[in-house]
Amino acid sequence: MDLFMMNCELLATCSALGYLEGDIYHKEPDCLESVKDLIRYLRHEDDTRDIRQQLGAGQILQNDLLPIITQHTQDKPLFDACIRLMVNLTQPALLCFGKVPDDPAFRHHFLQVTSYLQAYKEAFADEKIFTVLSETLYNLLQLDWEQRAEEDNLLIERILLLVRNVLHVPADPYEEKNVDDDASIHDKLLWAIHMSGLDDLLKFLACAQSEQQWSFHILEIISLMFRDQTSELLVNAGQMRSAQEKQKDMQELELLRQKELAEKRSRTLLRGARHSRFRGSYVIQGLKAIGEKDVIFHQGLHNFKNYSHDVGKPTRRVPKRKQMAQDSENQRRSALNVRLFLREFCIDFLENCYNRLMYLVKEGLIRERAQQHDETYYLWAITFFMAFNRHQNFRPDVVSETISNRTFHFIEKNITNYYEMMLTDRKDATSWSRRMHLALKAYQELLLTVNEMDRSKDVNIQHSSNVIKSNIFYLMEFREIFLTLLRKYDERMQPRSFLRDLVESTHLFLKMLERFCKGRNSLVVQKKRVKRRKHSQKTLQTEPTPEDLEQTWQIVSQELRVSGFQLSESLTQSAVPFDATSETPVDEQRTEALGRIQDCIMSCAGPEALSLLRAARAVWPEGDTFGSVEVEPEEELELLKQILFTKLPKSVPLDSALEEEDGLELEEEEELESVAVSETEFNFLDFIKRFANPSVVRPYIILLRSYSQNSVHTNHCITRMLHRLAVDLKMEALLYQLSIFSMFNKILEDPAVAVYQELVTFAKYVLNRFFVFATKNNKAFVELLFWKNVGAVREMTEGYNKDGEGKKKCKWTPEEEEQLQRLYEEYKDSGVPDIVETILPLLSISHTRREVVSHMVSMGLVDSVKDLKKERKGTRIVLWTEEQEDELQVLFEEFRDSDDVLGNILKRITAKRSRARIVDKILSMGLVSDRRDLYKKRKPSAPGRSSGMTEEEFFDLTGEPREKELEIEEEEEDKSDQDEDEQDYEELVDNSAKEGQKSMSRDNSLKKIHSLRNMVQTLQQQGLSGPVLWLQNSLNRTADDREEDGVSHPVALVPLTEENEDAMENKAFQKLLRAVGIRAPTDGQESFWRISSSLSVHQLRSVAASLDMVEETAAEGDSEGNQENSLTVEMEDNDNQEMRAQALRALLLSRQRKCASSKSKDSPSFEGSSDTVEQSDRIEEKISKKRRRVLDDDDDDDQRGNEQ
């Protein structure tokens, strides 16, 4: 803008400021008022920012304001006003216009304001100016908090804002065409800040406890200081390169030299040694022109490689909305002295300021004290300073504030938010994409830091790294963030640099996860599943026909007559036909009560309708609407019938009436979601299968297109992911795509192919596999045209389905259905592992498993397909149910003193699992502390020990002595008879297995209670009564919480007193914890003992009751307890005596017949058998008496009911 175009009043105001004579500035008497007038003018400028442009064209800041603050510092009012005006003038252009204008005229004004700001920045690159600012700031900071006035705080903030605005001005790419190691305007500005000592004041403000309100300003200034800098360059500034770095540079130079020589060699081979003036014409055989003839090529052969049919055609214009996003990263190497100063600043800042400043900024962000988008500076600081610390003598303690799970969660939340805003705010999608890229780089740097901690020689640092990794890998959000970003990648909004960082971060995460899984037998992770169910807002109600009403009335009347019109007390109390607090009038409530009675009758709920009728009669006795007070039951029945057949007005809710007015459909359904959180064992290969998707492979191929510009590490990350899919998952068919093969062809024909050996090896592998596959599948070349998912890959490799196959519904004849039902009834209780596999070969007409299962569901033989789901090896037994854990604990307590604990458990456990799974579960339950306790003891075991329940155990179960059975076994001679008897016995035992197992669990639970009381008595003698009481209170409190919430979660036992902490280290107390069912902390993941979520409320309270303090002199109490236990055992055994007596009687009768046939001379065994038979007869007679007594009681009740 021309100076002569300046407004007259504005020009007069600027002239009244003063004048510069040589190096001395003479101010006018009205200088202060003129500065205030300029501030007032700026406040009322228009949308084109005309006042700002005129002041910039007049160079008021360079010629007037800067000399005033350097030479007239003592005039405090004038100095404050000038600082205030300069803060306004140096305001970024984006803040002035809101955004980069789209209109050409406003775009011109925007660029004009930016050019004036660049001139201001060049003028500020003076050491004198920053010396004045730093001295003023230093004097203000010397004042105590009580001595500072409000104007002093405002001046501190304005000085910081002025420095921020000047550093924020972007560089002019047309004016500053400096090479690396040359000083730019930004470098000169940084050097002036350093020489004035302002950088030291910034570090003081960052770490001073009394100056924490300036934390956001300090962080923003520091981020602008390090703009265009990289942490690697600053770390290596002024240092001698190591031999390894020199070797690496030599290798890179050698690769570039080989690439150049290869290209030169290829050009030499294409050209002849002798130059031809006549280039010649060639016919390209096999390539058709517009007509039927071959193409004639009129150029040299060396140009044939670049030939295309598109040569000479106008370039197709790509719409702006479909253009690829451009990278905005600008990195340059500053002058050496500036890099050395910035390096020292980083070291001091990390040592003294980083943790405190980042804590204050994080608290401000969480409590929403910051301005919009201030979190980007926080993300930048994490990326830059943690990378600097990682390259410069890695020390986790100086960045400990940002190495936590909270930081991971904060960044993950911001990435998700940025992605959602990028989709919704399309106009500003580029800005949201840049913020998302910044958050991704911060997440990547956190992973790199944790990975570096894993390599540390300090054991504590390694342990901290394992804890962080276990929490990251446990949560599903952290595991699947990279998978989600790859699937949602859009090259129109996200630049290529974002994709590069995303691929490298994914490679690092998978490598860390794979290494973490290899060091453990199993990894338990969190799994979230979204349950979607459709809820109908309103359904159409059809009018019932008279036939339906008559049928309903027959059912209701019969039900009421059978019950004798008698209602239960709970049903009578729950019937409330009138609400006194409601605003609905009494008459309307009476009509609603009639409607409710009618609805109950329609739903065949006769007792509810009768209770509502009687309650309504008590509320409205007048009018006989609900009958008279002294009404008979038959009259009530007739009254209910009249209510049923009467057409009553239906009340329509207000919401539904509004919906009808809006024209919404009555059958509109809304989708309700609920998230089910569970835990499962993690499988790394299953996780990698999630990446076998075209939407994930496509971004890798996009990045592979620029393989020649990519770094060696980036190409390695791409190749490793494709190798995981093609080799590890054996899904190389996923890469059978024409664009991928074209890329492979380009790589193989590259003159510098030796530089990309890894890519070449992988490309040859995929191509070889494809050509082998093409010999087997004649549609292989057609499949190259399409991207394929896992289902298409399976069809390509295993065979295609015929047209219509799987869609035709199989027809079942009545004979086949009858046969299917008969086979199902025959085998449903047989205990076969898979009933469908048993039925399939027995069907007269062959059907597939899917057909049989679906037809069994349609016939109503089973409720759901899940009931007949085929059990896969290793999938059904991943998670342990509560019953299985209880069974394992019972078996362990039973065989813990045997020679082979694990072997006995493996033989008797119901759900068969591998030895390693059972060992891991026993360790996680805290039953043993070391897996060596489960090793088989080297002692001779008792001969004749067989699997399953033996006869000795059976006699122990029934209380019979073993001597008689041993005598019987000694007299057995007939081998075949013995086999038959044992077979009969096993069948009987199988029939009573459930009852026997329940009895065993009860006996073992009683033994466990005795052992717990012995442990408590031992701990009481050691003086640990307080911790035992604390444990008992914790169990009771946990039981109350679970009963109230209805949800079971693991509860940590946190000792808050020194006595409890010492007890947690005591071996005897730990033994008690394991016996109670409290599991020890998992190595690397937990720190406290936890009450297992598998313990029910009843189990917790029973265990807590068993921890009661035992007095040493309470002999009588012990005897009474023994009597109570014996009575409890006797009462529990009575339930199962019938099945035991039947099995025992059948076994002994078979033995008696066998002994009679062998005509043995000795009789004690018969006597013992007869005695046993007599005892079993007595038991059976006793049980039958009980049964008759119960049946008689039921008959008496029926008779009394009929008499009434």
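Colleague: How many bridges join strand β1 to strand β2, and which way do the two strands run?

Modeller: This is a predicted model, and the pair in question is β1 (residues 18-21) and β2 (residues 24-27). Within the pair, E21 stands opposite I24 in β2. The strands run antiparallel, and the number of bridges joining them is four.

Colleague: Which residue in the turn of the β1 and β2 hairpin has a positive phi?

Modeller: β1 and β2 form a hairpin with two residues between them. In that turn, a positive phi of about 70 degrees belongs to G22.

Colleague: Where is D228, which has a positive phi although it is not a glycine?

Modeller: The phi of D228 is about 70 degrees. With a relative accessible area of 32%, D228 is partly exposed, because that value lies between 20% and 50%. Its place is in the loop between α12 (215-225) and α13 (231-235).

Colleague: Is H373 buried, partly exposed or exposed?

Modeller: H373 sits in the loop between α16 (354-366) and α17 (375-391). Phi of H373 is near 70 degrees, a positive value in a residue other than glycine. The relative accessibility of H373 is 22%, so the residue counts as partly exposed.

Colleague: Which helix gives the most to the largest nonpolar core?

Modeller: The largest nonpolar core has 189 residues. Those with the most contacts inside it are F124, F226, F385, I411 and Y443. The helix that gives the most to this core, with twelve residues, is α19 (residues 429-454).

Colleague: Which residues is Y443 in contact with, leaving aside its neighbours within four places in sequence?

Modeller: Y443 is among the residues with the most contacts inside the largest nonpolar core. With neighbours within four places in sequence left aside, the contacts of Y443 are F408, I411, I415, I472, F478, I481 and F482.

Colleague: How many residues does the second, separate core have?

Modeller: This core is separate from the one described above, and its members include V1016, A1039, A1075 and A1104. One of these, A1104, is also listed as buried in helix α50 (residues 1097-1106). The size of the second core is 26 residues.

Colleague: Within what arc do the buried residues of α50 fall?

Modeller: In helix α50, L1100, V1103, A1104 and S1106 are buried. Seen down the axis of α50, the buried residues line one face of the helix, because they fall within an arc of 160 degrees.

Colleague: Which strands stand at the edges of the sheet that has the order β7-β9-β8?

Modeller: The sheet is open, is formed by three strands and has antiparallel pairing. Each edge strand has a single partner strand, so one side of each is left without a neighbour in the sheet. The edge strands are β7 (1051-1053) and β8 (1078-1079).

Colleague: Which residue in β9 stands opposite V1051?

Modeller: Three bridges join β7 to strand β9 (residues 1089-1091), and the two run antiparallel. The residue in β9 that stands opposite V1051 is I1091.

Colleague: At about what angle to β7 does helix α47 run?

Modeller: Helix α47 (residues 1025-1045) lies across β7, β8 and β9. Its direction relative to β7 is given by an angle of about 165 degrees.

Colleague: How far apart are N and O in the salt bridge of D37 and R40?

Modeller: D37 and R40 are separated by about one helical turn, because they are three residues apart in helix α2 (residues 31-43). D37 is partly exposed, with a relative accessible area of 25%, and R40 is partly exposed at 41%. Their side chains meet in a salt bridge with an N to O distance of 2.5 Å.

Colleague: Which residues are joined with E45 into one network of salt bridges?

Modeller: R52 forms a salt bridge with E45, the closest N and O atoms being 3.0 Å apart. R52 is buried, with a relative accessible area of 5%, and E45 counts as buried at 15%. Salt bridges that share partners join E45 into one network with R49 and R52.

Colleague: How many residues apart in sequence are the parts that R724 and E514 tie together?

Modeller: R724 forms a salt bridge with E514, with 3.3 Å between the closest N and O atoms. Both R724 and E514 are buried. R724 lies in helix α32 (residues 712-728) and E514 in helix α23 (residues 496-518), so the pair ties together parts whose separation in sequence is 210 residues.

Definitions and conventions
Residues are numbered from 1 along each chain as its sequence is written. This is a predicted model: local features need pLDDT of at least 70, side-chain atom pairs count only at pLDDT 80 or more; totals for chains, interfaces and linings use all residues. Side-chain values use heavy atoms; hydrogens and water are left out. A nonpolar core is a set of buried Ala, Val, Leu, Ile, Met, Phe, Trp, Tyr and Cys residues joined through side-chain atoms within 4.5 Å. Buried means under 20% relative accessible area, exposed over 50%, partly exposed in between (1.4 Å probe, protein chains only). Contact means heavy atoms within 4.5 Å. A salt bridge is a side-chain nitrogen of Lys or Arg within 4 Å of a carboxyl oxygen of Asp or Glu. Two strands pair if DSSP finds at least two bridges between them. Axes are lines fitted to C-alpha atoms, for helices over the stretch in contact, and angles run from 0 to 180 degrees between N-to-C directions. The arc is that of the directions from the helix axis to the C-beta atoms.
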